[in-house]
Amino acid sequence: TTMGFVYRTASPSEYLAITGYGINDVKLAKKAWIAPGQRCTRFDISPVNYTFEVQAMSAEKLPFVLPAVFTIGPRADDEECLLRYAKLISPHDKLSHHVNELVEGVIEGETRVLAASMTMEEIFRGTKSFKQAVFENVQLELNQFGLIIYNANVKQLVDVPGHEYFSYLGQKTQQEAVNQAKVDVAEARMKGEVGAKQREGTTRQNAAKVDAETKVYTVKRQGEGAKEEARVKAEVKVFENEREAEVAAANSELAMKKAGWEQQARV
């Protein structure tokens, strides 16, 4: 203490909220000299876990339970939010019944409002988006207190005894999945059989095409062979005729010569 001044420091998870002489509203600090006429309060900014089982109703007035654990604390990186928290929440112990009721009231209120606008099946089908919408709506409400949701874990939605609707929807979904699996298997089997038949038909068509092409090729080759054979025979015949003509001419000439010789001999 120096001439009535008192030096105050805050731990890493704390802030000092200073009010009084020379300060218009609230001054936040990690360390400060507190002057006479000023008041200093420490407040903890570490987040707290709040566990709830929110009772809500769907659009059809069917009740269900939303078990949730929210980790909530002041927004430490925003001075405006810290000021809001310092003014509204820090005067109370953050684990007190007052703060717990405030947070629970916000979460329950937003969950119930959102659930009341949706059918049970919409909630069940869109559980992930439903939870996300709850978080976003709750965060909007907590902003006015300078609080932020650091983490939120929501377990599976639970039926209220006597209203086992989620169980029914779960069984219905499982049965639909089983039925769809059977349909998929049947379709796959049918496609396999059709594919096999199509492949078999294609194979037969290709075989018939090859057979036809082979026959055409064979006939064509046979025709070409016959033509070649006829041509060769014709050439041979022409040659033979020429040879016969030459032989006949030679024989005729020889006969003429023999006749001349015989005539001379007679002379």
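Read from the N terminus, the elements of the chain follow the order β-β-β-β-β-β-β-α-α-α-α-β-β-α, which amounts to five helices and nine strands. The model is a predicted one, and what follows describes that model. Of the 267 residues in the chain, 28% are buried. When contacts between residues at least 6 apart in sequence are considered, 64% of them join residues that are at least 24 apart.

A local example of such contacts is offered by Leu28, which lies in strand E3, a strand made of residues 27–29. Because buried means under 20% relative accessible area, Leu28, with a relative accessibility of 16%, counts as buried. If its neighbours within four places in sequence are set aside, Leu28 is in contact with Tyr15, Leu16 and Ala17, with Phe43, and with Glu79, Leu82, Leu83 and Ala86. The last of these partners, Ala86, is 58 residues away from Leu28 along the chain, and the C-alpha atoms of the two are separated by 8.7 Å.

From this strand we may turn to the helices, beginning with H2, which covers residues 97–116. Its 20 residues, at 1.5 Å a residue, should span 28 Å, and since the C-alpha atoms at its ends lie 27 Å apart, the expected and computed values agree. The buried residues of H2 are Val99, Leu102, Val103, Val106, Ile107, Glu108, Glu110, Thr111, Leu114 and Ala115. An α-helix has 3.6 residues a turn, so residues three or four places apart point the same way. The cover over the buried residues of H2 includes strand E6 (48–57) and strand E7 (63–74), together with helix H3 (120–125) and helix H4.

The packing of H2 against H4, which comprises residues 127–142, can be described in detail: the two helices meet at an angle of about 135°, and their axes are 9 Å apart. Since angles over 145 degrees would count as roughly antiparallel and those from 65 to 115 as roughly perpendicular, H2 and H4 are therefore oblique to each other. Their crossing is right-handed. On the H2 side, the contact is made by Val106, Ile107, Glu110, Thr111, Leu114 and Ala115, while H4 contributes Phe130, Ala133, Val134, Asn137, Val138, Glu141 and Leu142. Taken together, the residues of this contact between H2 and H4 divide into nine nonpolar, two polar and two charged. Val106, Ile107, Glu110, Thr111, Leu114 and Ala115, which H2 brings to the contact, are also listed among the buried residues of that helix.

Conventions: Residues numbered from 1 in each chain as written. Predicted model: local features only at pLDDT ≥ 70, side-chain atom pairs only at ≥ 80, totals over all residues. Heavy atoms only, no water. Axes fitted to C-alpha atoms, helices over the stretch in contact; angles between N-to-C directions. Helix = DSSP H or I, 4+ residues; strand = E, 2+ residues; numbered from the N terminus. Parallel < 35°, antiparallel > 145°, perpendicular 65-115°, else oblique. Left-handed = near helix turned anticlockwise from the far one by under 90°. Contact = heavy atoms within 4.5 Å. Nonpolar A, V, L, I, M, F, W, Y, C, P; charged D, E, K, R; others polar. Expected span 1.5 Å × (residues − 1). Buried < 20%, exposed > 50% of the residue type's maximum accessible area, 1.4 Å probe, protein only.
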